[in-house]
Amino acid sequence: TWHLKKIPQIVRERTFSLDSPKFEAKTKLELNSVCGIECQRKLPVPSLSDLKSLLSYETVFENGTRTLTEVNVLGAVPDPAANTTTQRPLRKKRQIYGTDSRFSIYDKRFMTNFPFNTAVKISTGCSGILVSPKHVLTAAHCLHNGKDYVKGSKRLRVGLMKTKSRGNGRKRKGAKRRTSDGMPSFQWTRVKSTHIPKGWFKGVSGDIALDYDYAVLELKRPHKRKYMELGISPTIKMMPGSMIHFSGFDNDRSGQLVYRFCSISEESNDLFYQYCDAEPGSTGSGIYLRLKEPNKKKWKRKIIAVYSGHQWVDINGEQQDYNVAVRITPLKYAQICFWIHGNDENCTQG
C-alpha cells in the first residue's frame, strides 16, 4: 500500500522582481561535471536556513518578466539516513545497458490513453509529465543551464499527444483510410509561467548538483485529459513492486513514445541511480510506481521522481556512467504541490 506522510509546509514570504533573463544558454540534454555518487556521499545534511534558500524559486512569465520568491519551511524533519550508496563495479560507456529493453508504443489506443497520454514533449527537446489540468513536471536543465535560461525557453511550448486524423472522419471515395504508424502528432500549448527552485542555481561555479533538477510549467490553457498524481518516493527497500516506470520521447526513436521499466540500483537522500535504458530526449520524464489498491482490480500510479538523464562522473579517476532521477522527497512534494495549487492547504498529506 501507499504510506501517507505528513508534509512540511512551504510558505511564501517575499517576492522580488528580477531583470529579464537573456535566454542565451544552449540546451544540453546530457550533463557533464555533476555531483555524482561519491560526491553525494560527502554532502552534509542541509540546515533549515539552507533549505529556505534552496527551496526559494524563480518564476519566469510568458512576457519575459522574472521574479524571485523567498520561502519559509515549517515542520521539516531532517532525514536521519545519510547520503549512503554502495560501491558498484565500473561500467563501460553506454546508455543502453546490455539488451535494449525499451518499448516503442505504436498502438494509438495505448498512446492516447492513461497512463501513456500523460507524457508530453517540451519544445526545448525534453519530455515531461502532466501533474494537474494545467501543470507539467520536467527537469530544470531542460530550461536553464544553471546560469541562464536556454534559448528555446523564451517561447516555451508543451506538446500533448493526439491521434492523427484529418477532416471530419468521413472517408472520401477511393481514398485509403489512414492508419496509425506509431508516430504521435502533437497539440502544442504555450507555457504561461515556469517555476525553478533556487537550489538548481547553487552549483554553477563548479559541479552541478542534480538534487534540484526539476521544474513546473503552467500551461496557458488547461487540458481535459487524465493526469498523474504526485507521490513521495519511498526508499528502495519500501518500493512497491520494486520497479519504476517512465515514458518519454527518446531522440534515437524520433517521434515515438518510448516506455521502459527497471529496478533501482542505488539511492541517496535526493537521487535514484538506475540502469533503465534511456537516450537523450526522455530527460524530464515522470518516473512512477504502480500498485493495486486493496480490493480493487485497477493499478494506482504515482509520480515519485523526475528523470534527469544519463550522467558521466569520475569514480576513482575513471569515468563511470549511470542514469539518474531526482526523488520527490516530502519537501519537494510540498514545493511542487504549492506551485500547482498556489497554497499549502491541499498539500498536507503525500
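This report describes confidence, one helix, several salt bridges, a strand residue and a surface patch in a predicted model.

## Confidence in the model

The structure is a predicted model, and the mean pLDDT of its protein chain is 78, with 75% of the residues reaching 70 or more. Two stretches call for separate mention. Over residues 80–94 the pLDDT stays under 50, and the model has 37 contacts beyond four places in sequence for this stretch. Over residues 166–180 the pLDDT likewise stays under 50, and here the model has six contacts beyond four places in sequence. Where pLDDT is low, the predicted coordinates should not be read in detail.

## Helix α4

Helix α4 comprises the twelve residues 330–341, which at 1.5 Å a residue should span 16 Å; the C-alpha atoms at its ends are 16 Å apart, in agreement with that expectation. The helix is mostly covered, since ten of its twelve residues are buried. Among the buried residues are the aromatic side chains Y333, F338 and W339, together with L331, I336 and I340, and the buried set also includes K332 and Q335. Just after α4, G342 adopts a positive phi of about 80°.

## Salt bridges

A search of the whole structure finds eight salt bridges. One of them joins the side chains of E70 and R14, with an N to O distance of 2.8 Å. This pair links distant parts of the chain, as E70 belongs to strand β3 (residues 66–74) and R14 to strand β1 (residues 9–18), 56 residues apart. E70 counts as partly exposed because its relative accessibility is 24%, a value that lies between the limits of 20% for buried and 50% for exposed.

K134 forms a salt bridge with E218, and the closest N and O atoms are 3.4 Å apart. Here too the pair links distant parts of the chain, with K134 in the loop between β6 (127–132) and β7 (135–138) and E218 in strand β10 (residues 215–219), 84 residues apart. K134 is partly exposed, with a relative accessible area of 32%, whereas E218 is buried at 14%. In the salt bridge between E58 and R66, the closest N and O atoms are 3.3 Å apart; E58 is buried, with a relative accessible area of 9%, and R66 also counts as buried, at 17% relative accessibility. In addition, E62, R190 and K220 are linked in a network of salt bridges.

## Surroundings of N72

N72 lies in strand β3, the strand that also holds E70. With a relative accessible area of 18%, N72 is buried, since the limit for that class is 20%. When its neighbours within four places in sequence are left aside, N72 is in contact with Q9, I10, V11, E13 and K52. Of these partners, Q9, I10, V11 and E13 fall within the residue range of strand β1 (residues 9–18).

## A nonpolar surface patch

F103, M243 and F261 make a nonpolar surface patch of about 260 Å². M243 is placed in the loop between β11 (229–230) and β12 (244–248). This methionine is partly exposed, with a relative accessible area of 30%, a value between the 20% and 50% limits that bound this class.

How values were computed: Residues numbered from 1 in each chain as written. Heavy atoms only, no water. Helix = DSSP H or I, 4+ residues; strand = E, 2+ residues; numbered from the N terminus. Expected span 1.5 Å × (residues − 1). Buried < 20%, exposed > 50% of the residue type's maximum accessible area, 1.4 Å probe, protein only. Patch = residues over 30% accessible without salt bridge, like charges linked within 9 Å, V, L, I, M, F, W, Y side chains within 5 Å. Areas by Shrake-Rupley, 256 points an atom, 1.4 Å probe, with all protein chains shown as cover. Salt bridge = Lys/Arg side-chain N within 4 Å of Asp/Glu carboxyl O. pLDDT = per-residue confidence, 0-100. Contact = heavy atoms within 4.5 Å.
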